[in-house]
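Colleague: I have some questions about this model. Please keep the answers brief.

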Amino acid sequence: MTTGRNILKLLLPLILGGTILWWMYRDFDFGRIEHVLWHEMDWWWMLLSFPFGILAQLFRAWRWRQSLEPLGERPRVSTLSYAVFLSYATSLVVPRVGEFLRCGVLKRWEGTPFSKALGTVVTERAVDTLVVLLYSGVILLLQLSIFGTFFRKTGTSFDRLLSGFSPTGYLVTAVCALAVMLLLHLLLRRLAFYDRVKTTLSGIWEGVSSLRRLRNLPRYALFSIAIWVCYFMHYYLTFFCFPFTSSLGLGCALVSFVVANFAVVVPTPNGAGPWHFAIKTMLVLYGVQEAQALYFVLIVHTVQTLLVIALGMWAWGHLSFIPQVRGHDSGVRKDDYS
């Protein structure tokens, strides 16, 4: 039964992403893609975008190390970088599993307790969400008209969604949510592994609370901003690879980047399917022909995914030659951020 569930969890994201891609490319002329790749595409811009994709992951590793320091953990930056590279690559197979894998890498090669590492990862996700919401809000206000067009084209209506709730409905929903949380708490207390769960949650909370004890909060904030600036540049520079997107401008890149960030919440490998649909729709709204938009999303997503795979393979190769830690000796190793 458990094996069946695991297989289902593995297959569902693949099926979902594959279904969206099939629907988008069901009438697509794949025969022309070779011509676009070698005669219409400027590969120098694509290569120029690669360092930003790598830097985004390196900034994540440096920020992770800083959040671990208040917990008494000082893992090597190299191991942290390998763990991040590997986590992105493995998430291509099973979405979100990479977050757990990189904590496991840190435990195995640095001796960092899994629960502490996981707590800092939870903190990272909260900070990343805040950063995304902040810049999305700013861009939403600056490009409100194009967002409204996007929602109409995709059949999304927030007014219709929210109108289904009355004040009483909101109250009932909140009460039900609290009741579910209380029920889960009572069930956990009765389970045999409650103490183990409690210990794990305690470690996670310690990791989350480490943000309050950071020695250099501005540097942490700078890392957090740099991550998303690099993500954006990794995406934006690809606009100049194609003649039909090179003149769209910064506004189109910012708006489509925001929409894509929310689209990849759908759990598919590397956002395959939802990312393609969101970017394609935005490009069409900015005047790009649908066929050209499909070429763009297919080529850019494929190449950037190959970069993630290459980094993951490179990281795994290096980790294979590094001795694993048997005991907790991470405090012995010291490294700077350079």
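Colleague: Phe232 and Phe257: buried or exposed?

Modeller: Both Phe232 and Phe257 are buried. Buried stands for a relative accessible area under 20%, exposed for over 50%, and partly exposed for the values in between, using a 1.4 Å probe and protein chains only. Please note that this is a predicted model, in which local features need pLDDT of at least 70 and side-chain atom pairs need pLDDT 80 or more, while totals for chains, interfaces and linings use all residues. Residues are numbered from 1 along each chain as its sequence is written, and side-chain values rest on heavy atoms, without hydrogens or water.

Colleague: Understood. What does the secondary structure come to?

Modeller: The protein chain has 14 helices and zero strands. These are DSSP runs numbered from the N terminus, with helices (H or I) of at least four residues and strands (E) of at least two.

Colleague: And how much of the chain is buried?

Modeller: Of its 338 residues, 44% count as buried. Contacts, meaning heavy atoms within 4.5 Å, run far along the sequence: among those in the protein chain with a separation of 6 or more, 77% join residues 24 or more positions apart.

Colleague: How many aromatic pairs are there?

Modeller: The whole structure holds 26 aromatic pairs. One of them is Tyr82 with Trp314, an edge-to-face pair at 5.6 Å centre to centre and 75 degrees between the planes. Tyr82 belongs to helix α4 and Trp314 to helix α14, so this pair ties together parts that are 232 residues apart in sequence. Rings of Phe, Tyr and Trp (its six-membered ring) pair when their centres lie within 6.5 Å; planes under 30 degrees apart count as stacked, over 60 as edge-to-face, and the rest as tilted.

Colleague: Which of these describes Tyr82, buried or exposed?

Modeller: Tyr82 is buried, at a relative accessible area of 11%. Its partner Trp314 counts as partly exposed because its relative accessibility is 42%.

Colleague: Back to the phenylalanines. Why is the pair Phe232 and Phe257 edge-to-face?

Modeller: The ring centres of Phe232 and Phe257 are 5.4 Å apart and the planes stand at 75 degrees, so the pair counts as edge-to-face. Phe232 is in helix α11 and Phe257 in helix α12, 25 residues apart, and the pair links these distant parts of the chain.

Colleague: What span should α11 have?

Modeller: Helix α11 (residues 217-236) has 20 residues and should span 28 Å at 1.5 Å a residue; its end C-alpha atoms are 29 Å apart, which agrees. The expected span is 1.5 Å times one less than the number of residues.

Colleague: Which helices do its buried residues pack against?

Modeller: The buried residues of α11 pack against α3 (43-68), α4 (77-90), α6 (114-142), α12 (250-263), α13 (274-285) and α14 (290-319). Those buried residues include Tyr220, Phe223, Trp228, Tyr231 and Phe232.

Colleague: What happens at the start of α11?

Modeller: There, a side-chain oxygen of Asn216 comes to within 3.1 Å of the backbone nitrogen of Arg219.

Colleague: And how covered is α12?

Modeller: α12 is mostly covered, with 10 of its 14 residues buried. Among them are Cys252, Val255, Phe257 and Asn261. Its first and last C-alpha atoms are 20 Å apart, close to the 20 Å expected.

Colleague: New topic. Which residues touch the most other members of the largest nonpolar core?

Modeller: In that core of 79 residues, they are Trp64, Phe239, Phe242, Leu283 and Phe296. α14 gives the most to this core, with 13 residues. A nonpolar core is a set of buried Ala, Val, Leu, Ile, Met, Phe, Trp, Tyr and Cys residues joined through side-chain atoms within 4.5 Å.

Colleague: What lies over the face of Trp64?

Modeller: Arg102 does, at 4.5 Å from the ring centre. The criterion is NZ of Lys or CZ of Arg within 6 Å of the ring centre and within 35 degrees of the ring normal. Not counting residues up to four places away in sequence, Trp64 also touches Leu80, Val84, Leu106 and Glu124, among others.

Colleague: Lastly, where is Phe114?

Modeller: Phe114 is in helix α6 and, at 29% relative accessibility, counts as partly exposed. Leaving aside neighbours within four places in sequence, Phe114 is in contact with Phe100, Cys103, Gly104 and Lys107.

Conventions: A polar contact is a pair of N or O atoms within 3.5 Å; within protein, one must be able to donate a hydrogen and the other to accept it, and residues adjacent in sequence count only if both atoms are side-chain atoms.
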